[in-house]
Amino acid sequence: MYAAVDLGSNSFRLHIGEPIAGQIHIVRTARDPIRLAAGLGPDNALSEAAVETALRTLRDFSGILRQFHLDAVRVVATNTMRVASNAEAVLPRLEEAIGYPIEIISGEEEGRLIYMGVARALGRRPERRLVIDIGGGSTEVIAAHGDDIHLVESFSIGTHPQSAAYFRGGHISADAFETAVNAARARFEDLADQYREHGWDAVYGSSGTMRAIHEVISRNRLGDGTMSLASLLALRDKLVELGHVDAFDLPGVKRERVIVMTGGLSILIGVMQELGAPAMTAINAGLRLGVLSDLELRATRRDRRDLAIQDCMRRFGVDTQRATRTAAIAKKLFDKLAPQDDGVVHHLLRSAMLHEVGQAISHTGAHKHAAYIVEHADLPGFTAREQRLMSLIVLGQKGNLRKVREVLGVPDLAKAVLALRLAAVFMHARVDADVDAVRLRMKGRIDIETPRGWLNQHPTVAAWFEKEAAAWSDVGVPFSVTT
């Protein structure tokens, strides 16, 4: 069984699922509408009150997770944590409360995971799809064909800022609604042509806000009773007629959710008008199901991250043979260093595959260019934290080591840096077959032992060893080579 925890801007949600016969069956859910985005102050810092509310919810979720034997748990945070100016200070407290690492995912990664969930729920229909997810702080729009995503964008417009800006105090007027819709359309107009060019056979809405709008429309037979643009406008007219969210008493949505629905409705009308979509279908699938599906893929060795590495290599013209040789040598050397954290080897191998990606920009300082690309490129499946870590390993592949001091303090990461540095040297010197004969230790100091005559067979390696000794000594790590 797998667990997905979604720290959204409107609600924190938890799903526990079990894959059975190609489907993921949800065995436990939990939700707390904590409205985290409302806790952002003028400086975009989360208030202490908002943090305390989040901590209470996460402690409750932790208790639920402990009731199950789980093979993997993934906790993802979305827009509010992306924009919170004090996220770095708050994150350790949240992680302690839930008991698992929290990944602040990019908007594009959020969109991809949303689509994975939608595609999982719909099955293998060979249709062109447009998926729209309106959250508390951002809106993701995905154009895809079957399982293949062609365009994914995250727009910085969500129910909370939309409601706060245009429906202050819960007041609703025709002018305010028109202004809100036009403001939403302005957010989507730059990329509208690309989505229209892709086209679609069906449009799906995947967020809780979409499902709330659908529930109100269908239960109250507004418009034609479906999620058509005409029905959305009928719901808008009803809200304007009532004039205030407190006056809304139609079944289908809780009173405290009406303000969220109102902001979301203005965005939905705006995006559908701008893209030219006359109707859509609300679907009960999205981010959490996508996270569960991704965990299942990782468990079955079909990790999206490896596909992202291959795509990045193709994009920047990386020599696959050289990259593969370097990764293989780095793995052998890393194993000799007896690491304790099994997860670090995956970061090392992926870093090795991308270590020469910077040569697409310039051979001068290629390792610095590579580090920048690895950290900032759009790599599906990776979190910002993972890309930052790989970037540092790549940056440490040559030159002085002062620039990567932050990872050298972690023993297994220091071993990963050493393994990649030596692997790059050995790859260039073509000593792949002779790596097994080298003994390597790193415990407070680095000791390399080579067979008698080995350095004579590989004279360029000796020169590199001298440079390595100077680089490691510069950061206080003795480096010696014996035969």
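1. Start with a helix pair. Helix α13 (residues 344-353) and helix α17 (residues 411-429) have axes that come within 10 Å and cross at roughly 30°. This is a predicted model. An angle under 35 degrees counts as roughly parallel, and α13 and α17 are therefore roughly parallel to each other. Their crossing is right-handed.

2. Which residues make the contact between α13 and α17? From α13 come Val344, Leu348 and Ala352. From α17 come Asp412, Leu413, Ala416, Ala419 and Leu420. Sorted by class, the contact of α13 with α17 has seven nonpolar residues, one charged residue and no polar ones.

3. Next, the sheet that α17 packs on. It is an open sheet of three strands, in the order β11-β12-β13, with mixed pairing. β11 (439-442) and β13 (479-482) stand at the edges. Each has a single partner strand, so one side of each is left without a neighbour in the sheet. From one strand to the next, the twist averages 10°.

4. Inside that sheet, β11 and strand β12 (residues 446-449) run antiparallel and are joined by four bridges. Leu440 stands opposite Ile448 in β12. As a general point, strands of a sheet pair through backbone hydrogen bonds, either parallel or antiparallel.

5. Two helices deserve a look against this sheet. α17 touches β11, β12 and β13, and its direction makes about 145° with that of β11. Helix α19 (residues 459-474) also lies across β11, β12 and β13. The direction of α19 runs at about 150° to β13. So that the helix contacts can be read together: α17 packs on the sheet, and Leu413 and Leu420 are among the α17 residues in contact with α13.

6. Now strand β6 (residues 128-134). Is β6 mostly covered or mostly uncovered? The strand is mostly covered, with six of its seven residues buried. β6 pairs with strand β7 (residues 139-145) in the antiparallel sense, over seven bridges. β6 and β7 form a hairpin, with four residues between them. Within this pairing, Leu130 stands opposite Ala143 in β7.

7. β6 also pairs with strand β9 (residues 202-205). Here the sense is parallel, and there are four bridges. Ile132 stands opposite Gly205 in β9. β6 thus has an antiparallel pairing with β7 and a parallel one with β9.

8. Check Thr78 in the viewer. Thr78 is found in the loop between β4 (72-77) and α2 (79-83). Buried means under 20% relative accessible area; at 5% relative accessibility, Thr78 therefore counts as buried. What does Thr78 touch, leaving out residues up to four places away in sequence? The list is Asp6, Leu7, Gly8, Ser9, Ile105, Glu110 and Leu287.

9. Gly107 is the other residue to inspect. Gly107 is found in helix α4 (residues 107-122). With a relative accessible area of 6%, Gly107 is buried. Not counting residues up to four places away in sequence, Gly107 touches Arg82, Glu140 and Ser154. Glu140 falls within the residue range of β7 (residues 139-145). Ala186 is 79 residues from Gly107 along the chain, and the C-alpha atoms of Gly107 and Ala186 are separated by 19 Å.

How values were computed:
Residues numbered from 1 in each chain as written. Predicted model: local features only at pLDDT ≥ 70, side-chain atom pairs only at ≥ 80, totals over all residues. Heavy atoms only, no water. Axes fitted to C-alpha atoms, helices over the stretch in contact; angles between N-to-C directions. Parallel < 35°, antiparallel > 145°, perpendicular 65-115°, else oblique. Left-handed = near helix turned anticlockwise from the far one by under 90°. Contact = heavy atoms within 4.5 Å. Nonpolar A, V, L, I, M, F, W, Y, C, P; charged D, E, K, R; others polar. Buried < 20%, exposed > 50% of the residue type's maximum accessible area, 1.4 Å probe, protein only. Pairing = 2+ DSSP bridges.
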